[in-house]
Amino acid sequence: MAKTYAEINDKIKKGTAVVLTAEEVSELAKTLSPQEIAEKVDVVTTATFGAMCSSGAFLNFGHANPPIRMEKIELNGIRVSGGLAAVDTYVGATDCNPENPSYGGAHIIEDLIAGKEITLEAWGKGTDCYPRKHIKTVITKDTINEAILYNPRNAYQNYNVATNSTDKIKYTYMGTLLPKLRNASYSTAGELSPLLNDPECRTIGLGTRIFLCGTEGYVTWNGTQFHSTKETNEHGIPTSNARTIAVIGDLKNMSTEFLRGVYYEKYGVSMFVGIGIPIPILDEDLARRVSIRNEQIETTVVDYGDGNKILGKTNYAALQSGEIEVNGHKIKTAPVASLSKARQIAEILKSWIQKGDFLLTEPVRPMPTGTSLKGLQEIENGELKKD
C-alpha cells in the first residue's frame, strides 16, 4: 500500500485525514503492525524545542534621508553584521557584547518578536551615493521592512549526552557539567524529534513546510554539519549527532512562546527554537520509522572534560528516567531541551492539519547522501599541521 502527497492533502482539505503525534503513533505501534499503521494513519507530527546556536535573522531597516551605507552596525549595543547591502544586516543568535555577555543576538530577535523598541546605531565612511556617516534611531518589527528568521543549522538528528569526569566544573553549551560524573545533560525530544522519525529524510527536503516558532516556515537546504554516514543502530537511528536542516520563516509572525534567547553561564548566548515537522505516512516503511520508541533511540555519552572521550551508549528512555548507568557509574540526567514544549508544538501542528489550515509539501530536492564532516588543521611553523 502506498499513498501520495496529493491523496493525503485531499484528505486534509476534506477533514478526513488521520493525524497523530509521534508519541501517539509510538504507543499505537505496541498493538498495530507498520502495515496497519500505514493503512490507518495519514500524518504524524514531530517536534523539538531546544537551544540551536546556529540561528539568526536577516533585517532590512529601510533608508534614511540622506542615506547611509551601514558598515558598522549595533543593535542595543551589540555589534551585528555590516557586510551586507547598505541597510541590511544578519543578527546571529550568539552575537554579543563581551562587556554584557548575558544579552545577545538571540535576545534582540526575541525582543523584536515581542514588539519592543531596539536601538539602532550605525556608521559608514560616507560615499557620493551614501553621504551620511552616522545614524542613531529606534526600530521595531513594525517599522522595518523585512525580518526573516534564517537558521543554517537546526533540529539536530540526535545529539551526544554530555558529562564531565574531571575534578572541575565545566561550563558548556550543554549546560553546567559537575565534576566526577555527577550529572549528564542531553538534548532533543527523543521519539518526538523530527529527524529521528524520518532518519533518512525521505519526506524532509528543500521546500518542506514546517512549524517554525509559532508560524509556518520552510526547510531551505540541508543544514550545516549535515552528516549522513554516522553509525546507526539496529533500528536505523544514528547514535550520535548526524543530519541537520536549514530553515526560514517570517520573524514578524512568530511568537516568543516558541523562540527564546538564553544565556549559559560562562559559555554565552544561545537561542531556543521551536520546530514541528509533519511526516506523511506514504508507505509501510515510513510507518515503521515513525513508530520508533525512546528505548530504541540510542545516543553516545561523551566526556566533555576529557577531550570528548566516548564513555558509552545509552537511550532516551533511560535519559528521560532521570538516571543512566555508564561503566558502573550512575549519573543523574537533565535535558537542555523542553519535552513539554515539543509536545505542545506537535499538538498545535496536529490541530492545524486537522483544521485544513496546513497542507503538506513534497520536497523539490532531496537531502544529500554519503556526506561526512571535515575538520580544521592549524598552521605550525608556516605550514599546515599534518595529522
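## Cysteines

Look through the whole structure and you'll find zero disulfides (pairs of cysteine sulfur atoms within 2.5 Å). This is a predicted model, where local features need pLDDT of at least 70 and side-chain atom pairs count only at pLDDT 80 or more, while totals for chains, interfaces and linings use all residues. Residues are numbered from 1 along each chain as its sequence is written, and side-chain values use heavy atoms, leaving out hydrogens and water.

Why is Cys96 without a bond? Its sulfur sits 12 Å from the closest cysteine sulfur, in Cys53, which is too far. Cys53 is partly exposed at 26% relative accessibility (buried means under 20%, exposed over 50%, partly exposed in between, with a 1.4 Å probe and protein chains only). Cys96 is partly exposed too, at 33%.

## The six-stranded sheet

Six strands (DSSP E runs of at least two residues, numbered from the N terminus) make an open sheet in the order 22-21-12-15-24-23, with mixed pairing. Strands pair if DSSP finds at least two bridges between them. At the edges, strand 22 (309–315) and strand 23 (323–326) each pair on one side only.

Strand 15 (residues 184–186) runs parallel to strand 24 (residues 329–335), joined by three bridges. Tyr186 has Pro335 of strand 24 as its bridge partner.

## Helix 8

Helix 8 (residues 339–354; helices are DSSP H or I runs of at least four residues) has 16 residues. Its buried residues include Ala342, Ile345, Leu349 and Ile353. The buried residues pack against several elements, among them helix 1 (5–14), strand 2 (43–51) and strand 20 (268–280); contact means heavy atoms within 4.5 Å. Just after helix 8, Gly356 takes a positive phi of about 80°.

Terms used. The expected span of a helix is 1.5 Å times one less than its number of residues.
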